Amino acid sequence: MTLPTHLQSMHLPLGDQRTGRFYGQDILSVAQFARDDLEYIFGVAEAMRTMVAHIGTFDLLKGKILANLFYEPSTRTSSSFLAAMERLGGSVIPINEVKYSSVSKGESLPDTVRTLECYADVIVLRHPETGAAAIAAQAARKPIINAGDGIGEHPTQALLDLFTIRQELGRVDGLTVTMLGDLKYGRTVHSLAKLLSLFNVTLNYVSPEILRMPADLIKQLETKGVLQREQRDLDSVLAESDVLYVTRVQKERFENLDEYESVKGAYVITPETMKRAKTKMAVMHPLPRVGEISPDVDSDSRAAYFRQMEYGLYVRMALLAMVLGKA
Ligand code: NCD
């Protein structure tokens, strides 16, 4: 990789570092990260951001191949991993519609993964079953990156969410983070709450009764000393929130669609809501939104959800470079 001279003095943590952190490792759960890992990942993500801003695409992963294996719909996660790989000079085998692959002939996940690793250096996997990424990782020799396993985890989203909080608010310790919406089925809030437990934060969980944060997750965080509060009503915690993390009600996870109908419009963030919030706050959403945030909020400087998507590119570039031994 040849850097322009004005970038050569920046000491970017990029290059061939096969003994580097996370080289050859799977990314399955946020439980595998300590605080200094996060600092490292975010340092690399910052370097990626600089590189993209200055030269757009570069050859750090030239010759490497990513298999993007998606058993569930995705826009941001699949296209940001694809863009991340291509901006690093690598290429991608995209399998977005498993119905057109041998999965529709009844092939098992371990066999599909063993097939793809013959052709690719790393596999990004999204699957409807909790634990699928771990099963794939057991079968595979190459790194598996969990891009969402059912209602389980979405670790790369949590990393980009945390990166966003740091970029938007300058710190994580001392913040009050309010998670709103579907906390039962939302894998992004499961991963983010666990990741935030590494910091000194207060977590508010605001949801309909039937979509509460799982009790075992709350207990797990309690043992780590995280201050957590559950509410039904946003107004009781809105004014103290530094981050308002809004989620979509996960229609596809409901067994009973009447239950979905009864909670789908439970919370809607509008410009009125924003008047009662802190003047320095970040409204985040993993997206897609289906009515939880009015488009009228988009022009508010606190609306961070579009910037959040962009940060996802840099964090995923960092992760790919790390697991492939180039950061
Ligand atoms: C989320 C997901 O797939 O869990 N989307 C994403 O990856 N940005 C959130 C959602 O689908 O509601």
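A residue is called buried here when its relative accessible area is under 20%. By that cut-off, 55% of the 327 residues of this protein, a predicted model, count as buried. A good place to see the cut-off at work is helix α7 (residues 187–196). In α7, the buried residues are Arg187, Thr188, Val189, His190, Ser191, Leu192, Ala193, Leu195 and Leu196. That list makes 9 of the 10 residues of the helix, so α7 can be described as mostly covered, given that buried means under 20% relative accessible area. The list also brings in side chains of several kinds, among them Arg187, His190 and Ser191 alongside Val189 and Leu192.

With that helix in view, the overall architecture can be set out. The secondary structure comes to 12 helices and 9 strands. The radius of gyration is 20 Å, close to the 20 Å that the globule rule gives for 327 residues, so the protein is as compact as a globular protein of that length. Taken along the principal axes, the C-alpha atoms fill a box of roughly 55 × 50 × 40 Å. Among contacts with a separation of 6 or more, 73% are accounted for by residues 24 or more positions apart.

The domain assignment divides the protein into domain 1 (15–153 + 312–323) and domain 2 (155–309). Domain 1 is thus written as two stretches of the chain, 15–153 and 312–323. The C-alpha centres of the two domains lie 25 Å apart. Across the boundary, 33 residues of domain 1 are in contact with 26 residues of domain 2.

The nonpolar interior gives another view of how the domains come together. The largest nonpolar core holds 71 residues, and those touching the most other members are Met48, Met179, Leu196, Leu203, Tyr205 and Leu320. Helix α12 (residues 305–323) provides the largest share of this core, 11 residues. Both domain 1 (15–153 + 312–323) and domain 2 (155–309) give residues to the core, so it lies between them. A second, separate core of 18 residues includes Ile269, Leu287, Val297 and Ala303.

Tyrosine 205 repays a closer look. Leaving out residues up to four places away in sequence, tyrosine 205 touches Met179, Leu183, Ala193, Met213, Leu217, Ile218, Leu221, Gln228, Arg229, Glu230 and Gln231. Met179 is, with Tyr205, one of the core residues that touch the most other members, and Ala193 is one of the buried residues of α7.

Helix α7 also has a place in the sheet. Together with strands β5 and β6, α7 makes a right-handed β-α-β unit. Strand β5 (residues 176–180) pairs with strand β6 (residues 202–206) in the parallel sense over 5 bridges, and threonine 176 stands opposite threonine 202 in β6. Strand β8 (residues 243–246) also runs parallel to β5, joined to it by 4 bridges; here leucine 180 stands opposite valine 246. In a regular strand the side chains alternate between the two faces of the sheet. In β5, Thr176, Thr178 and Leu180 lie on one side and Val177 and Met179 on the other, and all are buried, so both faces of the strand are covered. The count for β5 is accordingly 5 buried residues of 5.

Phenylalanine 42, in helix α2 (residues 35–55), illustrates a link between distant parts of the chain. Its relative accessible area is 1%, which means that phenylalanine 42 is buried. Beyond its neighbours within four places in sequence, phenylalanine 42 is in contact with Leu159, Leu162, Phe163 and Arg166. Phenylalanine 42 and leucine 162 are 120 residues apart along the chain, yet their C-alpha atoms are separated by 9.3 Å.

Finally, some backbone details in the loops deserve attention. Phenylalanine 22, in the loop between α1 (5–8) and α2, has a positive phi of about 75 degrees although it is not a glycine. At 6% relative accessibility, phenylalanine 22 counts as buried. Leucine 287, in the loop between β9 and α12, likewise has a positive phi, of about 65 degrees, without being a glycine. Leucine 287 is buried at a relative accessible area of 12%, and it is a member of the second core. A cis peptide bond, with omega of about 10 degrees, joins leucine 287 to proline 288, and proline 288 too is placed in the loop between β9 (282–284) and α12.

Note on methods: Residues are numbered from 1 along each chain as its sequence is written. This is a predicted model: local features need pLDDT of at least 70, side-chain atom pairs count only at pLDDT 80 or more; totals for chains, interfaces and linings use all residues. Side-chain values use heavy atoms; hydrogens and water are left out. Helices (H or I, at least four residues) and strands (E, at least two) are DSSP runs, numbered from the N terminus. Buried means under 20% relative accessible area, exposed over 50%, partly exposed in between (1.4 Å probe, protein chains only). Contact means heavy atoms within 4.5 Å. A nonpolar core is a set of buried Ala, Val, Leu, Ile, Met, Phe, Trp, Tyr and Cys residues joined through side-chain atoms within 4.5 Å. Domain bounds come from an automatic or database domain assignment. Two strands pair if DSSP finds at least two bridges between them. A crossover is right-handed if, with the strands pointing away from the viewer, the path from the first strand over the helix to the second runs clockwise. The radius of gyration is taken over C-alpha atoms; the globule rule is 2.2 Å times the number of residues to the power 0.38.
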